[in-house]
Each structure stands twice: as C-alpha cells, then as structure tokens.
Amino acid sequence: MESQEPSPSTQEISAAQVRAQSTPEPQGAAAAAKPPQIPLAPIKRVQARFNPLADGMLYLVVFLGGTLGTAMRYGLSFILPATAGAEGFWHAFHVPTFTANMAACLIFACLTSYLSQAAWIRKRVRELTSRGIGMGMCGGFSTLSALAIEELTTMQSDLIAGAVFYLLVSFLMGLVVAYFGARLGLALAARKTAKAAIVAVRQQQPETWRHVTAGETVAMPVDDRSAGAVAAGENGDGSGISDGDAPGHIAHINPPSYEPAPITDEIPLTGDPTTGEAH
Amino acid sequence: MLFLFVCMCGGLGAVARFVLNTSIQRWWNRMFPLSTFVINVIATFCAGLAAAAWAHQVVPESTYLLFVTGFLGGFSTFSTAINEMVSLARNKHFGMAAFYLAATVVVPVICVSLGWLVGSLAH
C-alpha cells in the first residue's frame, strides 16, 4: 500500500515544463529561418475548406452582395443630382459617385475592423459576412471606373482644376472616412467584449459564493447547484454535492477527504524517431 | 428590367473580382496590394475603351449601361483600395501607403486615357 502511493515530487509539474508545453517551438527543419513549404495535396486543392475558389457559397454571397451594391449605386444616380453645379468648377464634382464611394468606405472599414475583433461570431459566418457585405456589397457600391470616366469627360471639357479637385477630394475624404470607420468598428467590438466579460464575471460569482478552506465543513444550499460546485471545487472535495441532489434537503455533512487533486495535464512524451516508441 | 440586368451585371463583376483577387493573392505574398491594383487598372482601361465606343456611337446606351455601370462598377472597387491604404498606414507602413495612394490616384487616370485612345484608334 505504501509503495503504491505516488511520491509527491512526481506529481508536480515544474513551471518550466508547463511553459515548454504551452508554447511549442519549431524543431528540425521547421526551425530554419525559411521553413520548407509543403504544397497542399492535390485532392485538398478542390476542397472548399482549403480553397476559397472551390467554395460555391462564397460565389453566391459575393454575387448577391455585388448585385445589391450595384442596385444601391445605380439607384443613387436617380435620386441625387448628377453634378454639384450646372457648369464651371462644380460641374466636375459628381455627387452620386462621391456619395456611394464614401458610404462604401465607411461601411467596409467599420465591418472589417469589427469582424477582426468579433471572436463571438462563428468563423464561417464571419467569412461569409466579410465576403458578402465587404467584398460584394461595398465593392459593388463603390467604383473607381465611373470615377475615372468622369475624370476623363471632365478633362475633355477643359475643367482641369475641377477634375483634379474632385479626384483629390474623393481620395482624401475616403481616407478620413475609412479611418474613422475603422475606429468606430473597433469601439463597437470593444463595447461588446466588455459586456460579454461583465456577464461572464457575474455568472462566475453568484450571490451565495463563499470561500471554503480545507477542513471546514459546509452545509451546501441545495437549490443553487452551481454555487455548490464552485465551493466543492475550491475544496478539492466532491463529497459535498453528491448528497445534495434531492430538492429541499440540506446536504449531508461530511468531513473532507484528503484525496489529492487529479493531475489532468497530458504526460509529456518524447518520441523516438527510429523506433516510434514514446518514452 | 434594364435596372435588374444592370444590377446582375454588377454581381457578375463582383464575382469576377473575387476570382481574380483570390488567384492573385495565391502567388503574390508581398506587402503591396497587387490584386486590387491590377483589378482597378483593368477596370479603368476597359472603362476608357467603353467610353470611346459609346462616344463614337458604336454601341447603344443600354449596352454601355450594362457594361460600365453594371459590370465594371461591380468589378472595380474604391472602398477596398482606400481600406488597404488605411490598414497599411495603421501598421506603420507609411511609405508603402503613400506609394499605393499615389499609384491609385495617377494610374487609373492614365489607364482610362489609354483606353480612350485605343478605342478612338480602332474607330
């Protein structure tokens, strides 16, 4: 019996060991400055998991997003006046294209920065949203070709100053709008993260929470099982909740047992490459 | 009806951009966002061609609308280019961001003029 008891020193995992396991460092050829690139197996190149071009769903969302974006841009050209002025300097300024480009910049920047932080959304949903709304809708909404044609026609009618002004204002305003859109997206994501953190902390600390030290006997409240589980976990002793399942029954008071906490860490294995054995 | 077709051409343009973008990004691994730049260069050149064709009355207005407002509008992108500049600048690559900005301002104007010239030449 005495010999079967594991000695305490073998159950401890040194901090260095934990660190070595938690941050794996590349070894062998992978540790080189330029690690060798392993090409994807041919069968995997046609699988949607590895190749976005083989993903039919992406084509669909990009097509739908592009259709919607083009509808918005084309619709704007009916609603807004074509140019800011009937003739002269402001005749070079095309309001519908400018509005569409600015709105698309804002939406795109906000969306991409928000999705980059949104760990609570599933990865597939994030990818489809980013492709559909970001690449499809915003890309179809904004346009550079219309801008270029407008530049061309304006320069042909000798409104050089207006053309240059329109081009520069488009790009500078676009940069400013995109910068603030990115800031807005990050702020929204941070707010959502803070809310989620507050909810998680509240769930972890219910009203009946109290600290239990080893050797102390505790009468568990039965109606709140999560509180009992937390208290028992603190004690390293699961006996408290085993009797507390019947509602309205005060838990049976047990002296704490001194079973050591089980080691749940994986046993470190070093494989022998020649024999395939693990020591 | 024409409105719907124009919108669907825009969707096709977006799909074409998606395919080209992914294909270019597969082998291009430098910092310069080549895929968006190439897409915009192609789109503005075609826009110049189309504008020349329309100005010389080679094609009816509906074709011009379908191709330029629809397909090329969905194919070319302003928002992606601007956001690539902003993200380059946010990652402290100011030189590259400025270079990309200058290229995106100047090259499309040159391309659309070239397209116009080629289109006029053919006429």
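User: Why is B:Gln57 called exposed?

Analyst: B:Gln57 has 9 C-beta neighbours inside 10 Å. A residue is exposed if 12 or fewer other C-beta atoms, placed from the backbone, lie within 10 Å of its own, buried if there are 20 or more, and partly exposed in between. B:Gln57 therefore counts as exposed. This is a predicted model, in which local features need pLDDT of at least 70, side-chain atom pairs count only at pLDDT 80 or more, and totals for chains, interfaces and linings use all residues. Residues are numbered from 1 along each chain as its sequence is written, while chains are lettered from A and ligands numbered from 1 in the order in which they are written.

User: Where does B:Gln57 lie, and what is notable about its phi?

Analyst: B:Gln57 lies in the loop between α2 (34–55) and α3 of chain B; helices are DSSP runs of H or I with at least four residues, numbered from the N terminus. Its phi is near 60°, a positive value in a residue other than glycine.

User: What makes B:Lys92 exposed?

Analyst: B:Lys92 also has 9 C-beta neighbours inside 10 Å, so B:Lys92 counts as exposed. This residue is in the loop between α4 and α5 (94–122) of chain B.

User: How do you know that the span of α5 in chain A is close to the expected one?

Analyst: The expected span is 1.5 Å times one less than the number of residues. Helix α5 (residues 123–141) of chain A has 19 residues, for which 27 Å is expected, and reaches 25 Å from its first C-alpha to its last. Among its buried residues are A:Arg131 and A:Phe141.

Terms used: Helices (H or I, at least four residues) and strands (E, at least two) are DSSP runs, numbered from the N terminus.
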